[in-house]
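Here are my notes on the model you sent. Please read them with the structure open.

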Amino acid sequence: MEKMPKWADVVLVPIISLLLAAILSAIVIAAIGESPWAALKLMVEGSLGSTYGWGYTLYYATNFMFTGLAVAVAFHARMFNIGGEGQAALGGLGVALVCMFIPFPHWSIALLVAAIAAGLFGAVWAAIPAYLQARRGSHIVITTIMFNFIASALLNFLLIGALKPKGSMEPATGKFPETTHLPTLHDILGVIGIPFSKAAPVNVSFIIAILACVVVWALIWKTRLGLEIRSYGESEPGAKYAGISPFKIIMISMFISGGLAGMMAINNVMGEAERLVLNSVEGAGFIGIAVALMGRSHPFGVFLAAILFGFLYQGGAELALWTSIPRELIIVIQALVILFTGALDNMVRTPLEAVFLSLRKKGA
């Protein structure tokens with residue numbers, strides 16, 4: 001028998017964790033002489049109060065959906081993929097190579113090819129640590145962290161060398177051709193007469209991220225492969241007894257996970273920057289871990305958690321711009337949300353379980 005209802009685990013635990021993080025953040029803001037209520041109001045207005053704010057919120061959320069789904073798929077196979085940063089960075093390399101060297105006639109074809117390239121580059125980068133775990137027993141956490149640094153060094157080498165335009169001093173590629181530029185939400189909604197900020201970077205990748213959530217849900221809960229992944233994650237000995245190959249599950253799960261992380265690049269590299277720059281991932285790979293934890297590794301939960309972190313990122317930027325709250329404190333606030341929804345999850349879960357057990361005994 002479960003210690004508490006499923007709805008409480010999915011809804012109550014994250015909400016209480018968020019409230020605790022918000023209370024502690026309010027105390028910190030008040031301690032430096034700012035009004036917590038005014039700060040919250042500014043965050044909401046800056047991230048949700050206009051189409052410009054929504055545009056940035058959804059842009060960040062798109063990144064977090066891809067990396068959150070990547071972590072979630074690996075979680076289901078009982079693996080902790082910490083390599084989203086490197087996989088997304090290599091996905092950006094794949095996007096840059098196809099956009100710069102293939103003459104596309106239209107953005108739709110460019111998007112399809114770039115998405116495949118991004119997914120493949122990220123998947124292959126994730127498959128190496130997966131193979132090392134499956135065949136050599138190397139821990140996936142250690143190897144994926146190491147591969148983040150290797151990916152960063154590789155991109156640095158290419159962006160100050162072979163991929164840097166002649167005469168440029170910036171570690172970045174040249175601008176992608178215009179036929180690879182993706183339509184923004186302003187362009188898409190403008191077709192049906194809905195006004196949206198032209199300056200907002202959210203683009204068609206947001207729709208693809210939502211489709212990715214649906215596909216991952218179908219894969220994990222509606223296919224034989226998904227059942228095998230979940231079975232292996234629940235019990236490796238039981239999965240072996242049922243004839244499920246650990247090597248197959250480790251490799252396929254990490255291949256899918258890395259591919260999803262790599263596909264983030266169609267948003268930030270192809271959709272927003274329209275070129276590959278150093279550090280284009282900007283921590284989204286690590287935020288994906290918190291998104292997956294908060295979303296309970298369910299695609300719908302990942303979607304909601306990604307929107308929340310998109311709000312925190314855009315709202316935090318507004319706070320840093322319009323108040324005396326230092327940028328470092330904004331990072332602390334974001335970290336508190338991650339801390340309470342991830343690392344301190346059991347601090348909320350254990351008392352709740354005790355409450356529900358007590359109520360069950362009284363009702364018996």
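1. Start with a charge over a ring. The model is predicted. In it, the charged end of Arg78 sits over the ring of Tyr232, at 5.8 Å from the ring centre. Arg78 also deserves a look for its backbone: just after H3, Arg78 takes a positive phi of about 60°. Most residues other than glycine have a negative phi.

2. Arg135 makes a contact of this kind too. Its charged end sits over the ring of Phe247, and the distance to the ring centre is 3.8 Å. Arg135 falls within H5, which covers residues 107-136.

3. Now H5 itself. The helix has 30 residues. From its first C-alpha to its last it reaches 43 Å, close to the 44 Å expected at 1.5 Å a residue. Just after H5 comes Gly137, with a positive phi of about 80°.

4. H5 has a packing partner in H4 (residues 84-101). The two axes are 7 Å apart and the helices pack at an angle of about 140°. The crossing is right-handed. On the H4 side, the contact residues include Gly86, Leu90, Gly91, Gly94, Val98 and Cys99. On the H5 side, they include Ala114, Ala117, Ala118, Phe121, Gly122 and Trp125.

5. Back to H3, which spans residues 51-76. H3 has 26 residues and reaches 36 Å from first C-alpha to last, close to the 38 Å expected at 1.5 Å a residue. How much of H3 is covered? Mostly covered is the verdict, with 21 of its 26 residues buried.

6. H3 crosses H13 (residues 284-294). Their axes come within 7 Å and cross at roughly 60°. H3 passes H13 in a right-handed crossing. From H3, the residues that meet H13 are Asn63, Phe64, Thr67, Gly68, Val71, Ala72 and Phe75. Their counterparts in H13 include Ala284, Gly285, Ile287, Gly288, Val291 and Leu293.

7. Aromatic rings come next. The structure holds eight aromatic pairs. In one of them, Tyr56 and Tyr60 have ring centres 6.3 Å apart and planes at 45°, so the pair is tilted. A tilted pair falls between the 30 degrees limit for stacked and the 60 degrees limit for edge-to-face. Both tyrosines lie in H3, four residues apart, about one turn of the helix.

8. Are these two tyrosines buried or exposed? Tyr60 has a relative accessible area of 17%, so it is buried. Tyr56 has 21%, so it is partly exposed. The cut-off for buried is under 20%.

9. Tyr56 and Tyr60 also belong to a cluster. Ring pairs link them with Tyr52, Tyr59, Phe64 and Tyr313. Phe64 does double duty on paper: it is in this cluster, and it is among the H3 residues that meet H13.

10. Finally, please check the loop between H12 (265-273) and H13. Asn279 is found there, and so is Glu282. Neither is a glycine, yet Asn279 has a positive phi of about 60° and Glu282 has one of about 55°. Where do the two side with respect to solvent, buried or exposed? Asn279 is at 53% relative accessibility, so it counts as exposed. Glu282 is at 53% as well, and therefore counts as exposed.

How values were computed. Residues are numbered from 1 along each chain as its sequence is written. This is a predicted model: local features need pLDDT of at least 70, side-chain atom pairs count only at pLDDT 80 or more; totals for chains, interfaces and linings use all residues. Side-chain values use heavy atoms; hydrogens and water are left out. Helices (H or I, at least four residues) and strands (E, at least two) are DSSP runs, numbered from the N terminus. The expected span of a helix is 1.5 Å times one less than its number of residues. Rings of Phe, Tyr and Trp (its six-membered ring) pair if their centres lie within 6.5 Å; planes under 30 degrees apart count as stacked, over 60 as edge-to-face and the rest as tilted. Buried means under 20% relative accessible area, exposed over 50%, partly exposed in between (1.4 Å probe, protein chains only). A charge sits over a ring if NZ of Lys or CZ of Arg is within 6 Å of the ring centre and within 35 degrees of the ring normal. Axes are lines fitted to C-alpha atoms, for helices over the stretch in contact, and angles run from 0 to 180 degrees between N-to-C directions. A crossing is left-handed if the near helix is turned anticlockwise from the far one by less than a right angle, and right-handed if clockwise. Contact means heavy atoms within 4.5 Å.
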